[in-house]
Amino acid sequence: MSRFSARTGFSRTWNPLAQALAERRARGLPLLDLTETNPTRVGLPTPEPALLASPEALGYAPEPQGLLSAREAVAAHLARRGARVSPEHLVLSASTSESYSWLFKLLCEPGDNVLIPAPSYPLFEYLTRLEGVEARPYRLPRGHGFCLDVEEVAAARDERTRAVLVVNPGNPTGHYLHEGELEALGTLCVQEGLALISDEVFSDFAWDEEAGRVPTVAGRELPMLTFSLSGLSKVAGLPGLKLGWTHVGGPDTLREEALARLELVADTYLPVNTPVQLALPGLLAHAPRFQEALLARVKENRRRLLQARSREALWDVLPAHGGWSTVLRIPLALGEEPTCLALLDEGVAVQPGYFYDFPSAAFLVLSLLPPPDVFAAALAPLARVLDRSG
């Protein structure tokens, strides 16, 4: 009899919301989808496909860390954002998810753990478990506006903790890491021998200016081993091209040892295809055009959402500073899932806060990516159901 690894034994039972959504789609009923986060499906600018058709595209020159020309393009992109880094300190992968898997291999023995923020995107449980690593949540207190509290981080660690993961800005909370928080994290990491992993895939998408914001940990002189992650999926809106990058920073001795070990891991897989690496300078040159259009879309949709809330409403749009999503605090009367089901009956799809490990109060998560006409059409039924639930 065949046996399967417990690491892959995830629940495959559909929740009531997923079942209701599938039934609605199967019946061909109209849907205003405020869960859409695929940038290739919402009418945003794309680069010229000819970028992927260079004469050398079918050649093969395996470089474990990625082609130097591609790493130079990433370094130039980071420099435009104010982070001066060496291409030698960059490692390319097929995605940030793959970067995580490599880092967990690098830092952890089976049974070790990493600290992850809660609420946050529901991916880390899968990535850690598949590597035989435990994900231990640390709370982003609501009283702090879901910003980082280093005391919560410290309370979550134990003797098998190997790294702290931050999402900067938070997804879906939209809050950036700040200088004081980074300094406190540095002290904790040095005291406990922990690495810092900073997921910065949404860092380019700030809605405003904010004092003390940390846009990236790349290129900074920090006392602990640091890994800064991003990639084409969000930076240029090209998730199908499958290229991510990791900047390795920290004290020289630790950084060089980490790079040497990562080079061996990367050489084992060599996952990044040649055409996308050769095209990377042009793809990153396209990124500002895409980001400008996306930010205009996100800001306008959020403005319309705020406008749709009446002064007497018992639901709120939570403050945030960046990203592609927004969070609503809703009345407790119906609860998250019943409210989502009521909205689905009205033809509007949103996500409940428990998908993202929000605390017990009631929250909804909305994507700000849908086309303006779709988003605007969803606002009247959204407000109607939320006002009724109060």
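In this predicted model, seven strands line up as an open sheet with mixed pairing, in the order S2-S8-S7-S6-S5-S3-S4. The two ends of that row are strand S2 (90–93) and strand S4 (134–139); each has a single partner strand, so one side of each goes without a neighbour in the sheet. On average, and ignoring direction, neighbouring strands are turned by 25° against each other. Strands of a sheet pair through backbone hydrogen bonds, and they can do so in parallel or antiparallel fashion. For S5 and S6 the sense is parallel, with five bridges between the two. One pairing to look at here is that of Leu165, whose bridge partner in S6 is Ile197.

Helices pack on this sheet too. Helix H2 (residues 68–80) touches S2 and strand S8 (244–249), and the direction of H2 makes about 115° with that of S2. Helix H3 lies across a longer list of strands, namely S2, S3, S5, S6, strand S7 (226–231) and S8. Relative to S7, H3 runs at about 160°.

Back in the sheet, Ser198 makes a handy spot for a closer look. This residue is found in strand S6, which covers residues 195–199. Is Ser198 buried or exposed? Its relative accessibility is 0%, and since anything under 20% is taken as buried, Ser198 falls in the buried class. Leaving aside residues up to four places away in sequence, Ser198 touches Val166, Asn168, Val217, Phe227, Ser228 and Leu229. Thr226 sits 28 residues from Ser198 along the chain, yet the C-alpha atoms of the two are separated by 7.5 Å. The side chain of Ser198 also has a polar contact of 2.8 Å with the side chain of Glu200.

Now for the charged residues. Side chains of opposite charge can pair when their charged atoms come close. How many salt bridges does a search of the whole structure find? The search turns up 22. One of them joins the side chains of Asp112 and Arg160, with an N to O distance of 2.9 Å. Asp112 lies in the loop between helix H3 (96–107) and strand S3 (113–118), while Arg160 belongs to the loop between helix H5 (150–156) and strand S5 (161–167), so this pair ties together parts that are 48 residues apart in sequence. The two partners sit in unlike surroundings: Asp112 is buried at 2% relative accessibility, whereas Arg160, at 34%, is partly exposed. The pair is also part of a network of salt bridges that links Asp112, Arg160 and Arg162.

Two further salt bridges show other mixes of burial. Arg41 and Glu36 meet through their side chains at 3.1 Å, N to O. Arg41 is exposed, with 56% relative accessibility, but Glu36 is buried at 14%. In the other case, Arg213 bridges to Asp208, and the closest N and O atoms are 2.7 Å apart. Here the arginine is the buried member: Arg213 has a relative accessible area of 15%, while Asp208 is partly exposed at 30%.

Note on methods:
Residues numbered from 1 in each chain as written. Predicted model: local features only at pLDDT ≥ 70, side-chain atom pairs only at ≥ 80, totals over all residues. Heavy atoms only, no water. Helix = DSSP H or I, 4+ residues; strand = E, 2+ residues; numbered from the N terminus. Buried < 20%, exposed > 50% of the residue type's maximum accessible area, 1.4 Å probe, protein only. Contact = heavy atoms within 4.5 Å. Polar contact = N/O pair within 3.5 Å; in protein donor to acceptor, adjacent residues only side chain to side chain. Salt bridge = Lys/Arg side-chain N within 4 Å of Asp/Glu carboxyl O. Pairing = 2+ DSSP bridges. Axes fitted to C-alpha atoms, helices over the stretch in contact; angles between N-to-C directions.
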